Amino acid sequence: MKIAVLAGDGIGPEVTQEALRVLDALKLPDVALTHADVGATAYRSQGHPLPQETLEAAREADAVLFGAVGDPACDNIERHLRPEQAILGLRSELELFANLRPAQGYAGLEDMSALRPEIASAIDLVIVRELNGDVYFGKKQRDILEDGRREGWDRMSYAEDEVRRIAHVAFRTAKTRNNRVTSVDKANVLETSRLWREVVDEVAAEYPEVRLDHMYVDNAAMQLVKAPGSFDVVLTGNLFGDILSDLASMCVGSIGLLASSSMGARQTDFGTFGLYEPIHGSAPDIAGRGKANPMAMILSLAMMLRHSFGREGEAAAIEAAVAKALADGIHGGDLGGDYGCEAIGSAVVERL
Ligand code: IPM
Ligand code: MG
């Protein structure tokens, strides 16, 4: 089981280390780890946020464990050298078009949510976010208009096959859950969204057992806060998925708890090739101080074992250990507690 470990910047290395301790505790046979630099760390050591060597390490692996990238010191460098380009580059180079971001309520955290406890505890949804298209990867440009004003633009588009393949992922995911898909778009304004809606409807015809609704993204933001428990699978594009997944994390209680998987079509000897990362960023404000909550990273490892290595038993055991730790009051600073990164890692390992 070849795993490329790309810890990255800020709190990335700290949380990755705890996830690797959890992996170690499972004592799985034949795990081979390769470590490579990514993000600002790679820019400093090798002049590029996604060096060829790192991309190759990811390609040669069966799965990638990814920490976080981002560094305020790089805010003013050219866009193609910014740390974020590393994760965007990996997603597109490896054709990881399907991003799954589950959000569920945890016992003991009801009071941490920004929502009322009875509303927060009902959350059990997964955001299926398209990851290779949309305004993220469209042509971008800066112009000077005739009258001298500066203008910036980014092209938003989706081709029908891009919509179709992510829609299939959402419907298949719904079949393993509660058979409901809410497709989120802005079809009242955007042509991109009108095509999106058309294609999602076509795909839906192949899944008669799944109930499909369409929702405008502004309304979806409102409903996620009002009644997050009413969602099962949320299918959406790259930009809206980015925004709604941060929103969903605060309904749960902390962004330090949400894991994600990014997958494409490639199959390995063990399962589906994928990249696994917490949805949080590099948190430069607390980096290097042992304060980060590694749970999102540990839960990303669980998703890796499930989707890329077919190890459902181990994945479920890790998730149960995290849930137990939370219920036992093992809370990091993000949850108002005083457990540090390593202590949280140890608490999860003990329960595992
Ligand atoms: C995420 C992040 C990334 C994104 C950034 C780091 C480019 O916010 O994974 O949600 O916008 O996709
Ligand atoms: Mg984001």
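Four residues stand out in the largest nonpolar core of this protein: out of its 86 residues, Phe171, Leu235, Leu257 and Leu305 touch the most other members. Keep in mind that you're looking at a predicted model. Besides that core, there's a ligand to explore, and the residues around ligand 1 include Arg91, Tyr136 and Asp242.

**The nonpolar cores**

- Helix α10, which covers residues 295–307, gives the largest core its biggest share, with 9 residues.
- Next to that big cluster on our list comes a second, separate core of 19 residues, and Val38, Val64, Val69 and Leu96 are among them.
- If you're wondering about the general pattern, nonpolar side chains tend to be buried together in soluble globular proteins.

**A look at Leu235**

- Leaving out residues up to four places away in sequence, Leu235 touches Val128, Ile166, Ala167, Ala170, Val181, Thr182, Ser183, Val184, Trp196 and Val200.

**Around ligand 1**

- The full set of residues around ligand 1 is Glu84, Arg91, Arg101, Arg129, Tyr136 and Asp242.
- Sorted by class, that shell has 5 charged residues, 1 nonpolar residue and no polar ones.
- Tyr136 has a polar side-chain atom 2.5 Å from an oxygen atom of ligand 1.
- For Arg91, a polar side-chain atom sits 2.7 Å from an oxygen atom of the ligand.
- Asp242 joins in too, with an N or O atom of its side chain 2.9 Å from an oxygen atom of ligand 1.
- On its own, ligand 1 has 320 Å² of accessible area, and the protein covers 78% of that.

Note on methods:
Residues numbered from 1 in each chain as written. Chains lettered and ligands numbered in written order. Predicted model: local features only at pLDDT ≥ 70, side-chain atom pairs only at ≥ 80, totals over all residues. Heavy atoms only, no water. Near = heavy atom within 4 Å. Polar contact = N/O pair within 3.5 Å; in protein donor to acceptor, adjacent residues only side chain to side chain. Areas by Shrake-Rupley, 256 points an atom, 1.4 Å probe, with all protein chains shown as cover. Nonpolar A, V, L, I, M, F, W, Y, C, P; charged D, E, K, R; others polar. Core = buried A, V, L, I, M, F, W, Y, C linked by side-chain atoms within 4.5 Å. Buried < 20%, exposed > 50% of the residue type's maximum accessible area, 1.4 Å probe, protein only. Helix = DSSP H or I, 4+ residues; strand = E, 2+ residues; numbered from the N terminus. Contact = heavy atoms within 4.5 Å.
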